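Work through the exercises below with the sequence and the model side by side, and try each task before reading its solution.

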Amino acid sequence: MNDEREPRCEFDGDELVHRFEITIPGTVDAIPPVVARIMEEVREMGCAAGKEFDIEVAVNEALANAVQHGCANDPAKQVEVTVECDPASGMLIVVKDPGSGFEPTDVPSPIVGQRLYADHGRGIFLINELMDEVRYENGGTEIWMRKK
């Protein structure tokens with residue numbers, strides 16, 4: 001997880017209004033309080049005013065995927081979250097997990113065929129629909145989500 005490459009993002013570090021980082025254990029119970037804390041920061045930063053619902057759902061889904069797939073619900077493993085605000089570029093949220101990653105194009109669409117009736121498997125679809133830009137880095141162990 002200690003990737004020393006420069007982040008490939010158009011955010012200007014000198015223009016950031018705020019940067020917030022948090023690490024949580026890889027358990028489902030850790031998700032609601034950290035989402036609440038992240039949303040406090042999002043509201044305080046004001047870089048995506050009026051888009052809070054979209055951000056909250058996307059963060060919930062990204063964290064659920066990181067905990068379930070990246071950490072295998074193991075409290076000894078950790079998920080790292082970074083939230084940045086740049087008035088010109090909006091809000092950037094990065095979620096990193098210690099898993100082996102995945103290929104996003106291999107994830108089947110939840111709105112086709114019998115998957116429409118499944119009770120899971122919509123997280124990536126929702127994230128892509130709700131956020132303005134979504135990128136997967138480091139073999140799918142990081143999701144970079146931007147809301148303008």
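The exercises move from the whole chain to its helix contacts and then to single residues.

This is a predicted model, in which local features need pLDDT of at least 70 and side-chain atom pairs count only at pLDDT 80 or more, while totals for chains, interfaces and linings use all residues. Residues are numbered from 1 along each chain as its sequence is written, and side-chain values use heavy atoms, with hydrogens and water left out.

**Exercise 1. Describe the chain as a whole.**

Solution. Begin with the elements, where helices (H or I, at least four residues) and strands (E, at least two) are DSSP runs numbered from the N terminus. The chain has three helices and five strands, and read from the N terminus their order is β-α-α-β-β-α-β-β. Next, consider burial, for which buried means under 20% relative accessible area, exposed means over 50%, and partly exposed lies in between, with a 1.4 Å probe and protein chains only. Of the 148 residues in the chain, 39% are buried. Finally, turn to contacts, meaning heavy atoms within 4.5 Å: among those between residues at least 6 apart in sequence, 66% join residues at least 24 apart.

**Exercise 2. Characterise helix H2 by its span and its buried residues.**

Solution. Helix H2 covers residues 52-70. The expected span of a helix is 1.5 Å times one less than its number of residues; H2, with 19 residues, reaches 25 Å from its first C-alpha to its last, close to the expected 27 Å. The buried residues of H2 are Ile55, Val57, Ala58, Val59, Ala62, Leu63, Ala66, Val67 and Gly70. Phe53 is also found in H2, but Phe53 is exposed, because its relative accessible area is 63%. Between the C-alpha atoms of Phe53 and Met39 the distance is 9.3 Å, although the two are 14 residues apart in sequence.

**Exercise 3. Compare how H2 meets helix H1 and helix H3.**

Solution. Two packed helices are described by the angle between their axes and the distance between the axes. The axes are lines fitted to C-alpha atoms, for helices over the stretch in contact, with angles from 0 to 180 degrees between N-to-C directions.

Take H1 and H2 to start with: their axes come within 10 Å and cross at roughly 145°. On the H1 side the contact is made by Ile31, Val34, Val35, Ile38, Met39, Val42 and Arg43, and on the H2 side by Glu52, Ile55, Glu56, Val59, Asn60, Leu63, Ala64 and Val67. Sorted by class, these are 11 nonpolar, one polar and three charged residues, where Ala, Val, Leu, Ile, Met, Phe, Trp, Tyr, Cys and Pro count as nonpolar, Asp, Glu, Lys and Arg as charged, and the others, Gly among them, as polar.

Now take H2 and H3 (residues 123-130), whose axes come within 9 Å and cross at roughly 150°. This makes H2 roughly antiparallel to H3, given that angles under 35 degrees count as roughly parallel, over 145 as roughly antiparallel, 65 to 115 as roughly perpendicular and the rest as oblique. Asp54, Val57, Ala58, Glu61, Ala62 and Asn65 of H2 meet Gly123, Ile124, Leu126, Ile127 and Leu130 of H3, a contact with seven nonpolar, two polar and two charged residues.

**Exercise 4. Is Val79 buried or exposed, and which residues does Val79 touch?**

Solution. Locate Val79 in strand E2, which spans 78-86. Val79 is buried, because its relative accessible area is 0%. Not counting residues up to four places away in sequence, Val79 touches Ile22, Thr23, Ile24, Leu63, Ala66, Val67, Cys71, Val95 and Lys96. Ile22 lies 57 residues from Val79 in sequence, yet their C-alpha atoms are 8.4 Å apart.

**Exercise 5. Examine Val28 and Asn73 in their loops.**

Solution. Val28 sits in the loop between strand E1 (18-25) and helix H1 (31-45), and counts as exposed because its relative accessibility is 51%. Leaving aside residues up to four places away in sequence, Val28 touches Val67 and Asn73. Asn73 belongs to the loop between H2 and E2 and is partly exposed, with a relative accessible area of 40%. Most residues other than glycine have a negative phi. Asn73, however, has a positive phi near 55°, and Ala72, just after H2, takes a positive phi of about 55°.
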